[in-house]
Amino acid sequence: KFQPGAGSENLSIPEVPSYINLSGLTVWDYNGNLAVAVTTYSSFYIWIYIWDGSTLTFHGSVALPITPSQCLGLAYCEDNGHLYWSYKDSSDIYHLVDMAIDMVSLSRDSWAGIKTSF
């Protein structure tokens with residue numbers, strides 16, 4: 001994190017393997033906080049964090065829909081709420097994937113209602 005005139009701060013993301021280089025990062029507004037998504041070159045997941053202005057909290061991860069030879073960039077589009085992910089396949093062909101995301105989380109008090117509905 002870097003803020004002109006205020007200095008910088010390193011934020012830890014221990015869920016992402018430390019031996020793998022990050023390849024993509026994007027951010028968007030999420031309920032008044034900042035959602036942060038990252039990818040790596042050779043691990044085929046998207047990790048999502050929530051930044052509330054002082055704490056970065058792990059929200060979850062999801063496997064990418066295919067296994068590419070290399071993950072490249074990641075971007076978020078405010079117009080449609082989609083993530084755009086680029087990758088290179090085993091034939092050295094580059095692709096761009098449009099992914100809709102739905103960031104849903106269940107609160108602890110909702111589990112009882114779910115269990116009783118079955």
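A polar contact is taken here as a pair of N or O atoms within 3.5 Å, of which, within protein, one must be able to donate a hydrogen and the other to accept it. By this criterion, in the predicted model described here, the side chain of serine 23 is joined to the backbone of threonine 40: a polar atom of that side chain lies 3.3 Å from the backbone oxygen of threonine 40. Serine 23 belongs to strand S3. With neighbours within four places in sequence left aside, serine 23 is in contact with Thr39, Thr40 and Tyr41, and also with Cys71, Leu72 and Gly73.

The protein chain has 118 residues, of which 31% count as buried. Its secondary structure consists of 1 helix and 9 strands. Read from the N terminus, the order of elements is β-β-β-β-β-β-β-β-β-α. Where contacts link residues at least 6 apart in sequence, 28% of them join residues at least 24 apart.

One open sheet is built from 4 strands in the order S3-S4-S5-S6, with antiparallel pairing. Its edges are strand S3, covering residues 22–30, and strand S6, covering residues 56–63; each of these pairs on one side only. On average, neighbouring strands of this sheet are turned by 20° against each other, direction ignored. Strand S5, residues 45–51, runs antiparallel to S6 and is joined to S6 by 7 bridges. Within this pairing, isoleucine 48 has glycine 60 of S6 as its bridge partner.

The loop between S3 and strand S4 (33–40) contains asparagine 31. Most residues other than glycine have a negative phi. Asparagine 31, in contrast, has a positive phi, near 50°. The residue is exposed, its relative accessible area being 66%.

A second open sheet contains 3 strands in the order S7-S8-S9, and here too the pairing is antiparallel. S7 and S9 are the edge strands, each pairing on one side only. From one strand to the next, the twist averages 20°. Strand S7, residues 70–77, is connected to S8 by 6 bridges, the two strands running antiparallel. Two positions illustrate this pairing. Glutamine 70 has lysine 88 of S8 as its bridge partner, and cysteine 71 stands opposite tyrosine 87 in S8. Cysteine 71 is also one of the residues in contact with serine 23 of S3. The hairpin of S7 and S8 has 4 residues between the strands, and glycine 81 in this hairpin takes a positive phi near 70°.

Charged residues were examined next. The structure holds 1 salt bridge, formed by lysine 88 and aspartate 92, whose closest N and O atoms are 3.7 Å apart. The two partners differ in accessibility. Lysine 88 has a relative accessibility of 18% and therefore counts as buried, the cut-off for that class being under 20%. Aspartate 92 has a relative accessible area of 52% and so counts as exposed, the cut-off for that class being over 50%. Aspartate 92 is placed in the loop between S8 and S9. The backbone of aspartate 92 has a positive phi, near 65°, in a residue other than glycine.

The loop between strand S8 (82–88) and strand S9 (94–100) also holds aspartate 89. This residue is buried yet has no salt bridge. Lysine 88 carries the nearest side chain of opposite charge, at a distance of 8.3 Å; a salt bridge would require a side-chain nitrogen of Lys or Arg within 4 Å of a carboxyl oxygen. The side chain of aspartate 89 instead reaches the backbone nitrogen of serine 91, at 2.8 Å. When residues up to four places away in sequence are not counted, aspartate 89 touches Ser69 and His95.

Conventions. Residues are numbered from 1 along each chain as its sequence is written. This is a predicted model: local features need pLDDT of at least 70, side-chain atom pairs count only at pLDDT 80 or more; totals for chains, interfaces and linings use all residues. Side-chain values use heavy atoms; hydrogens and water are left out. Two strands pair if DSSP finds at least two bridges between them. Axes are lines fitted to C-alpha atoms, for helices over the stretch in contact, and angles run from 0 to 180 degrees between N-to-C directions. Buried means under 20% relative accessible area, exposed over 50%, partly exposed in between (1.4 Å probe, protein chains only). Lys and Arg count as positive and Asp and Glu as negative; His and the chain ends are not counted. Contact means heavy atoms within 4.5 Å.
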